Amino acid sequence: VNSLGFDGLLFGGSELLVNQLIAVGATILFSGIMSFILAKIIDAVIGLRITPDQEDEGMDQSLHAEAAYALGGRI
């Protein structure tokens, strides 16, 4: 069909699809490894979690000193 010989997947040209699948796999692997490394660095510097007391109080109140919802008529 194509005079240059690149007939596509439906006509037996699967090389491009294989190359793209390899590239997708490499991208997923790279981004997963880099995300893990960045998470470890952030965890070592400032931590990834808040304290259990802050969790019990609620993040809006403990971190931002504000209420997310006006429950009980208070604003």
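The following questions and answers go through a predicted model of one protein.

Residues are numbered from 1 along each chain as its sequence is written. In this predicted model, local features need pLDDT of at least 70, side-chain atom pairs count only at pLDDT 80 or more, totals for chains, interfaces and linings use all residues, and side-chain values use heavy atoms, with hydrogens and water left out.

Me: Which element of the protein has the highest mean pLDDT?
Reply: pLDDT is the predictor's confidence in each residue, from 0 to 100. The protein averages 84, and 84% of the residues score at least 70. Among the elements, α3 has the lowest mean, 83, while the highest, 95, belongs to α1.

Me: In what order do the elements run from the N terminus on?
Reply: Helices (H or I, at least four residues) and strands (E, at least two) are DSSP runs, numbered from the N terminus. The protein has 3 helices and 0 strands. The order is therefore written with helices alone. From the N terminus on it reads α-α-α.

Me: How far does α1 reach from its first C-alpha to its last?
Reply: Helix α1 covers residues 15-45, and its number of residues is 31. The expected span of a helix is 1.5 Å times one less than its number of residues, which gives 45 Å for α1. The reach in the model is close to that, at 45 Å.

Me: Which residue just after α1 takes a positive phi?
Reply: Helix α1 spans residues 15-45. Just after it, a phi of about 85° is found at Gly47.

Me: What percentage of the 75 residues in the protein is buried?
Reply: Buried means under 20% relative accessible area, exposed over 50%, and partly exposed in between (1.4 Å probe, protein chains only). Accessible areas come from the Shrake-Rupley method with a 1.4 Å probe; for residues, only the protein chains shown count as cover. The protein exposes about 6,900 Å², of which carbon and sulfur atoms supply 65%. Of the 75 residues, the buried share is 1%.

Me: How much accessible area does the nonpolar patch on the surface have?
Reply: Patches are made of residues with over 30% relative accessible area and no salt bridge; like charges are joined within 9 Å, nonpolar side chains (Val, Leu, Ile, Met, Phe, Trp, Tyr) within 5 Å. Ile41, in helix α1, is partly exposed at 46%. Ile41 belongs to the patch, whose members also include Phe30, Met34 and Leu48. Together the patch residues have about 1,200 Å².

Me: Which residue forms a salt bridge with Arg49?
Reply: A salt bridge is a side-chain nitrogen of Lys or Arg within 4 Å of a carboxyl oxygen of Asp or Glu, and the count comes to 1. Arg49 is exposed, at 66% relative accessible area, and its partner lies in helix α2 (residues 52-57) and is partly exposed, at 41%. The closest N and O atoms are 2.4 Å apart, and the partner is Glu55.

Me: Which residues does Leu63 touch, not counting those up to four places away in sequence?
Reply: Leu63 lies in helix α3 (residues 59-64) and is partly exposed, at 41%. Contact means heavy atoms within 4.5 Å. The C-alpha atoms of Leu63 and Ile50, 13 residues apart along the chain, are separated by 9.3 Å. The residues touched are Ile50 and Gln54.

Me: Which residue has a positive phi although it is not a glycine?
Reply: This residue is found in the segment after α3. Its relative accessible area is 62%, so it counts as exposed. Its phi is about 55°, and the residue is Ala65.
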